[in-house]
Amino acid sequence: MADSAKLSLSLFDYHLPEALIAQHPAPERVGSRLLVLEKNGHYYDSQFSALPQLLRAGDLLVFNNTQVIKARLQGQKHTGGRVEVLIERVLDEYHAIAHIRASKAPKPGTDLLFAEGALILTVTGRDDALFHVRFNQPALAALEQYGALPLPPYINHTADAEDEQRYQTVYASEPGAVAAPTAGLHFDENMLALLQKQGIQTAFVTLHVGAGTFQPVRVEHIEDHQMHAERYVVPAETLALIEQTRAAGNRVIAVGTTSVRALESAAQPELTQGLTLSNGDQCGDTRIFITPGYTFHYVDALITNFHLPQSTLLMLVSALAGIEPIRAAYQHAVEQQYRFFSYGDAMFIEKNS
């Protein structure tokens, strides 16, 4: 088993032609291709619509029910200078932390004006690259009214009506993410109903995806990388279903790397500042960094999209399947012109046990 302290960033690099970065979703949610990577390293091409054939009655699919908020704001300072704000996390009804792009970094006490002054954000402090801001009205409602959907940096168009619908899972219910849990974008209501009829169990976690999910790793030795923090909740009901599923010898299948991070954080709360609430829910802020050599506690398989070169998410899937099987599968995906990243095709990955 690999030791992350000896792993270099170059192990997680690959060449991706820009033309393979999907700029728009497939016409139908279930219309993407699916590359299946088995536990023995063998892979083959399939379609996402064939997913039910890969699942067995009693398997448990765990979805992230976070909802993407309209976290991007365009406005100006009192001086007239332009400013762009990307909310990283809403802290409470009126407060948030944010990335702010301006000609000069705003100091505490600075008012930022949006929608011709209808919305005002006051800078109250700063922690490294993130600013603390106070809204002059309830934050989530204000973002819904005045904000724009924050598409990933590799999508080269501004959010439109198609994105408002398709850059959101059909089961999103907990507002707070600034990026979609993209593996879930492949599921529609018909697919979910079909899985239920097949005896596939479903459960939910919440992990509010931050903009840091797109942050590149800039250190050569990956153990030196600092992960961004994300808020997660794993309900007691989900934890109970996991225990029942594993006791019955069935599989826990995470839908997306965000579900993996939530589940594995809940499995070891002592490492992630996690708390157990009075109702049994596990919650906390996690900086969990899953790299080759990691021992998975809850996850047996993963449904996921293709990830950026040298990214922490590519390291996570390499931990699940093995570095070389992932490298081979990705090379095959490039050669076969799969569609990559948020609006791209999917993989079904079994844990290399």
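Helices, as runs of H or I of at least four residues, and strands, as runs of E of at least two, are DSSP assignments numbered from the N terminus. On this basis the chain has seven helices and 18 strands. The model described here is predicted.

## Overall form

The chain holds 353 residues, for which a compact globule would have a radius of gyration near 20 Å; the value for this chain is 20 Å, and the two therefore agree. Along the principal axes, the C-alpha trace extends over about 60 × 50 × 45 Å. Buried residues make up 55% of the 353. The accessible surface of the chain amounts to about 15700 Å², and carbon and sulfur atoms contribute 49% of that area. Among contacts with a separation of 6 or more, 72% link residues 24 or more positions apart.

## The open sheet

Ten strands build an open sheet of mixed pairing, ordered β2-β1-β18-β17-β14-β3-β12-β13-β16-β15. Its edges are formed by β2 (43-47) and β15 (275-276), each of which pairs on one side only. Strands of a sheet pair through backbone hydrogen bonds, in either the parallel or the antiparallel sense.

Strand β3 (residues 60-64) runs parallel to strand β12 (residues 201-207), and five bridges join the two. Within this pair, asparagine 64 is placed opposite valine 205 of β12. With strand β14 (residues 252-255), β3 also pairs in the parallel sense, here over three bridges; leucine 60 is set opposite valine 252 of β14. Strand β12 is further joined to strand β13 (residues 230-234) by two bridges, and these strands run antiparallel. Leucine 207 has tyrosine 232 of β13 as its bridge partner.

Two helices lie across strands of this part of the structure. Helix α4 (residues 236-247) crosses β3, β12, β13, β14 and β16, at about 135 degrees to β12. Helix α5 (residues 257-267) lies across β3, β12, β13, β14, β16 and β17 (301-305), and runs at about 70 degrees to β13.

Glutamine 282 belongs to strand β16 (residues 282-286). Its relative accessible area is 10%, and because buried means under 20%, glutamine 282 is classed as buried. Beyond its neighbours within four places in sequence, glutamine 282 is in contact with Tyr232, Val233, Val234, Leu239, Ala266, Pro269, Leu275 and Thr276. Glutamine 282 and alanine 172 are separated by 110 residues in sequence and by 20 Å in space, C-alpha to C-alpha.

## The barrel

A closed barrel of six strands follows the order β5-β6-β7-β10-β9-β8, with antiparallel pairing. On average, and with direction ignored, neighbouring strands of this sheet are turned by 45 degrees against each other. Strand β5 (residues 72-77) is paired with strand β6 (residues 82-90) in the antiparallel sense over five bridges. Here leucine 73 is found opposite valine 85 of β6. Helix α1 (residues 139-146) packs on the sheet and touches β5, β6, β9 (119-127) and β10 (130-135); the direction of α1 makes about 135 degrees with that of β6.

## A helix pair

Two packed helices are described by the angle between their axes and the distance between the axes. Helix α6 (residues 312-321) packs against helix α7 (residues 323-335) at an angle of about 115 degrees, the axes being 7 Å apart. This crossing of α6 and α7 is right-handed. The contact involves Leu314, Val317, Ser318 and Ala321 from α6, together with Ile323, Pro325, Ile326 and Tyr330 from α7.

## Two residues with positive phi

Most residues other than glycine have a negative phi. Aspartate 128 and phenylalanine 341 are set out below with their positive phi values.

| Residue | Phi | Location | Relative accessibility |
|---|---|---|---|
| Aspartate 128 | near 55 degrees | loop between β9 and β10 | 75%, exposed |
| Phenylalanine 341 | near 75 degrees | loop between α7 and β18 (346-350) | 6%, buried |

Exposed means over 50% relative accessible area, so aspartate 128, at 75%, counts as exposed. Phenylalanine 341 has 6% relative accessibility, under the 20% limit, and therefore counts as buried.

Technical notes
Residues are numbered from 1 along each chain as its sequence is written. This is a predicted model: local features need pLDDT of at least 70, side-chain atom pairs count only at pLDDT 80 or more; totals for chains, interfaces and linings use all residues. Side-chain values use heavy atoms; hydrogens and water are left out. Two strands pair if DSSP finds at least two bridges between them. Axes are lines fitted to C-alpha atoms, for helices over the stretch in contact, and angles run from 0 to 180 degrees between N-to-C directions. Contact means heavy atoms within 4.5 Å. The radius of gyration is taken over C-alpha atoms; the globule rule is 2.2 Å times the number of residues to the power 0.38. Buried means under 20% relative accessible area, exposed over 50%, partly exposed in between (1.4 Å probe, protein chains only). Accessible areas come from the Shrake-Rupley method with a 1.4 Å probe; for residues, only the protein chains shown count as cover. A crossing is left-handed if the near helix is turned anticlockwise from the far one by less than a right angle, and right-handed if clockwise.
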